[in-house]
Amino acid sequence: MATSKLASGLDQSSHSVLSVQHLISKQHISSVPQQFVRLDQEPLASAFSASLPTIPTIDMNQLLSDEAGADSNEVEKLFSVCKEWGLFQLVNHGVSDSLLEKLKQDTEGFFQLPLDEKVKYRKPDDFEGYGNHILSDDQKLDWGDRFYMVTNPVHKRKPHLFPELPSSLRSTLESYIEELQKISIKLLGLLAIGLKVEPREVVELFEDGMQSMRIGYYPPCPQPELVMGISAHTDGTGITILNQVNGVNGLQLKKDGVWIPVNALSNALLVNIGDVLEIMSNGIYKSVEHRARVNCKEERISIAMFFYPKFESEISPLTSLTNPNNPPLFKRIGMENYLKGFFSHLVTGKSHLEHLRIKH
Ligand SMILES: O=C(O)CCC(=O)C(=O)O
């Protein structure tokens, strides 16, 4: 790759942007380049922000003590939040402050590497790895860089990605993934109980399931109101756990047709329901539409961990939830085809969930 182009954050083959971070660090940009201007985005309900509802908080300690016989109603709250909101902030989740601090340092350190170090984690036409993937010259771009990789099953990890990360980041991520796997399985088991199905029916699909991670880096932007950090979408997962690693808020969710900012507590993890759980619950749990905005002062780093069922599984509404009076709302589909469909819909901005919906 030609060094001058690379240093300026541009891709070799076109004028497309490989890294927003490096594009703006080489130039003193006071207005946003046209490729990033998104006048098509729905505004935040900011005019009424004083009366906007706050994102519900779920306490993991209380969930666990409810399970052990206490009666704090936290489990009931979890069910109702997942039906009404599809997103909550999880506190007392058990991931230690020291691990979260290490994760912050190591991810910050990664994005501070020179661009030619980071492009080693990138291969042409591979959706995984570092940087942006541009499909057409007139495509509108998000204001952020990302590093996306499959992390589980371990044999699906690409040799030039996870195994080649700087050793400190790699071992921190290993510990972090292990913690989040435990949290995800616990939450999925409880969510099964909320559906009145055997926890195993849900949990065994996700144990050693497909998992991936998107580390997002959003540089400060001179005109944040004109751009989008990540465009509105739902996740294809069972659940997603998002960590706003350096404590900078930016996530927004759509509730009852209105965009609401997520002002998370420090060190809380943000958990959202994805399309797979909406399908499995036959529409009871809601896969929430969300997006991320950026700001003019601070960089923002987030890590989203995506939890899917096993590759070899089939996704459909749980049979114990459907009957002639309550017919399945979604088609049955094998995981591999599901993933192909999800990612091709993501590219076109259309809803994969709607595509799978049965028209009764
Ligand atoms: O960075 C964020 O806040 C959102 C990330 C996200 O929605 C995603 O990676 O799918």
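I started with Asn267, which sits in the loop between strand E9 (258-261) and E10. This is a predicted model, so I'm reading everything here as a prediction. Phi of Asn267 is near 65°, a positive value in a residue that isn't glycine. I looked up the background: most residues other than glycine have a negative phi, and most peptide bonds are trans. Asn267 counts as partly exposed because 17 other C-beta atoms lie within 10 Å, and buried would take 20 or more.

Next I checked Asp125, in the loop between helix H6 (115-118) and E3. Phi of Asp125 is positive too, near 60°. Buried or exposed, I wondered about Asp125? Asp125 has 5 C-beta neighbours inside 10 Å, so I put it down as exposed.

Then the peptide bonds. I found a cis one joining Asn152 and Pro153, with omega at about -5°. Pro153 belongs to the loop between strand E4 (145-152) and helix H7 (167-194).

On to the sheet. In what order do the eight strands run? I read E1-E2-E10-E7-E12-E5-E4-E3, an open sheet with mixed pairing. Strand E1 (57-59) and strand E3 (129-130) are at the edges with a single partner strand each, so one side of each has no neighbour in the sheet. I also followed strand E7 (residues 239-244), which pairs with E12 in the antiparallel sense over six bridges. Leu242 stands opposite Ala304 in E12.

Two helices lie across part of this sheet. Helix H3 (residues 60-67) crosses E1 and strand E2 (87-91), at about 50° to E1. Helix H4 (residues 74-84) lies across E1, E2 and strand E10 (269-273), and I noted about 145° to E1.

Now the ligand. Which residues surround it? My list is Arg214, Gly216, Ile230, Asp235, Leu242, Gly250, Leu251, His290, Ala292, Ser302 and Ala304. The elements giving two or more residues to that shell are E5, strand E11 (290-292) and strand E12 (300-307). I sorted the shell into five nonpolar, four polar and two charged residues. Leu242 and Ala304, the opposite pair from before, are both in the shell.

I also pulled the UniProt record: an unreviewed entry lists residues 209-309 as "domain: Fe2OG dioxygenase". Over residues 209-309 I get 6% helix and 43% strand, with the end C-alpha atoms 5 Å apart.

Last, Cys221, in the loop between strand E5 (211-218) and strand E6 (230-233). Cys221 is buried, since 23 other C-beta atoms lie within 10 Å. Setting aside residues up to four places away in sequence, Cys221 touches Val32, Trp143, Val227, Val294 and Cys296.

Definitions and conventions
Residues numbered from 1 in each chain as written. Predicted model: local features only at pLDDT ≥ 70, side-chain atom pairs only at ≥ 80, totals over all residues. Helix = DSSP H or I, 4+ residues; strand = E, 2+ residues; numbered from the N terminus. Buried ≥ 20, exposed ≤ 12 C-beta atoms within 10 Å, placed from the backbone. Contact = placed C-beta atoms within 7 Å. Near = placed C-beta within 6 Å. Nonpolar A, V, L, I, M, F, W, Y, C, P; charged D, E, K, R; others polar. Pairing = 2+ DSSP bridges. Axes fitted to C-alpha atoms, helices over the stretch in contact; angles between N-to-C directions. UniProt positions renumbered as here; feature names shortened; annotations may be inferred.
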